[in-house]
Amino acid sequence: MKLYYAPRTRATRPRWLLEEMGVPYELVRLDRAAGALRTPEHLARHPMGRVPVLEDGDARLFESAAICLWLAERFPEKGMLPPAGTPGRALTYQWLFFAMDELEPPLEALHGLLRPPEGERDAAAIEAQKARFLEGARVLDLALRGRPFLAGDAFGVADLVTGAVASWGKALVGGIDGMPALAAWLAGVKARPAWKRAIAD
């Protein structure tokens with residue numbers, strides 16, 4: 001199993017999951033600055049020249065959430081995914097789609113809006129995207145009140161993917177004030193040894 005990876009990208013998510021599960025894999029680091037994502041070889045793996053890409057036997061996948069779901073299904077004995085047909089599995093699907101559809105788009109937009117020098121930024125657009133993310137963050141905070149994890153009694157792929165996006169959001173918008181359940185859950189997620197290994201570089 002081979003994971004094509006670049007630091008500080010969405011490829012951290014499947015790397016984190018692989019570290020959580022303790023399964024053997026080869027990490028192939030690609031140098032974005034050197035153009036490694038635009039080579040013909042990598043474009044054959046991912047036609048948009050991005051990471052992550054996972055090669056696992058005859059399966060080749062891109063999209064971080066899809067890879068994480070595949071890996072959790074691939075190794076059911078690791079307990080990262082509730083059984084099929086259970087409420088926990090349904091909640092896992094819900095939170096993965098929520099992370100990708102509600103939390104991540106405003107962060108992607110905000111990331112672009114913050115690129116120009118400070119004096120050239122569109123302040124109103126920045127605040128609008130922050131508000132979009134925080135609206136979704138409040139949904140997470142409400143869901144986590146009185147429960148330790150998103151889809152059951154144990155840490156799973158829903159927490160991993162959603163936690164990775166929420167962590168990026170907290171840093172990008174400058175905090176998640178007034179959301180104690182979300183803050184406590186996120187602190188626990190980021191204290192996990194596998195998370196620290198996944199972001200070591």
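Angles over 145 degrees between helix axes count as roughly antiparallel. In this predicted model, helix 3 and helix 4 pack at about 160 degrees, and they are therefore roughly antiparallel to each other. A second helix pair, helix 1 and helix 6, crosses at roughly 140 degrees. The largest pocket draws two or more lining residues from each of these four helices.

**Helix 3 and helix 4**

- Helix 3 spans residues 64-74 and helix 4 spans residues 87-113, with their axes 11 Å apart.
- The crossing of this pair is right-handed.
- On the helix 3 side the contact uses Ala65, Leu69 and Glu73, which meet Arg89, Tyr93, Leu96 and Met100 of helix 4.
- By class, five residues of this contact are nonpolar, none is polar and two are charged.

**Helix 1 and helix 6**

- The axes of helix 1 and helix 6 come within 10 Å.
- Angles from 115 to 145 degrees fall in the oblique class, and helix 1 and helix 6 are therefore oblique to each other.
- Helix 1 passes helix 6 with right-handed geometry.
- Helix 1 contributes Arg13, Trp16, Leu17 and Glu20 to the contact, while helix 6 contributes Val157, Leu160, Ala164, Val165 and Trp168.
- Seven of the contact residues are nonpolar and two are charged, with no polar residue.

**Largest pocket**

- The largest pocket holds about 960 Å³ of space.
- Its lining consists of 30 residues, and Arg8, Thr9, Arg10, Arg13 and Trp168 lie nearest the centre.
- Elements giving two or more residues to the lining are helix 1 (12-21), helix 3, helix 4 and helix 6 (157-173).
- Helix 4 supplies the largest share, four residues.
- The lining divides into 13 nonpolar, seven polar and ten charged residues.
- Arg13 and Trp168, among the residues nearest the pocket centre, also take part in the contact of helix 1 with helix 6.

**Backbone features**

- Most residues other than glycine have a negative phi, and most peptide bonds are trans.
- Arg8 has a positive phi of about 60 degrees and is not a glycine.
- Arg8 sits in the loop between strand 1 (2-5) and helix 1, and is one of the residues nearest the centre of the largest pocket.
- Val51 and Pro52 are joined by a cis peptide bond, with omega about 10 degrees.
- Pro52 belongs to the loop between helix 2 (40-45) and strand 3 (53-56).

Terms used
Residues numbered from 1 in each chain as written. Predicted model: local features only at pLDDT ≥ 70, side-chain atom pairs only at ≥ 80, totals over all residues. Heavy atoms only, no water. Axes fitted to C-alpha atoms, helices over the stretch in contact; angles between N-to-C directions. Parallel < 35°, antiparallel > 145°, perpendicular 65-115°, else oblique. Left-handed = near helix turned anticlockwise from the far one by under 90°. Contact = heavy atoms within 4.5 Å. Nonpolar A, V, L, I, M, F, W, Y, C, P; charged D, E, K, R; others polar. 1 Å grid on protein atoms, 1.4 Å probe; cavity = no way out; pocket = protein on both sides within 12 Å on 5 of 7 lines; lining within 4 Å. Points joined across faces, edges and corners; volume = space filled by probe spheres on them.
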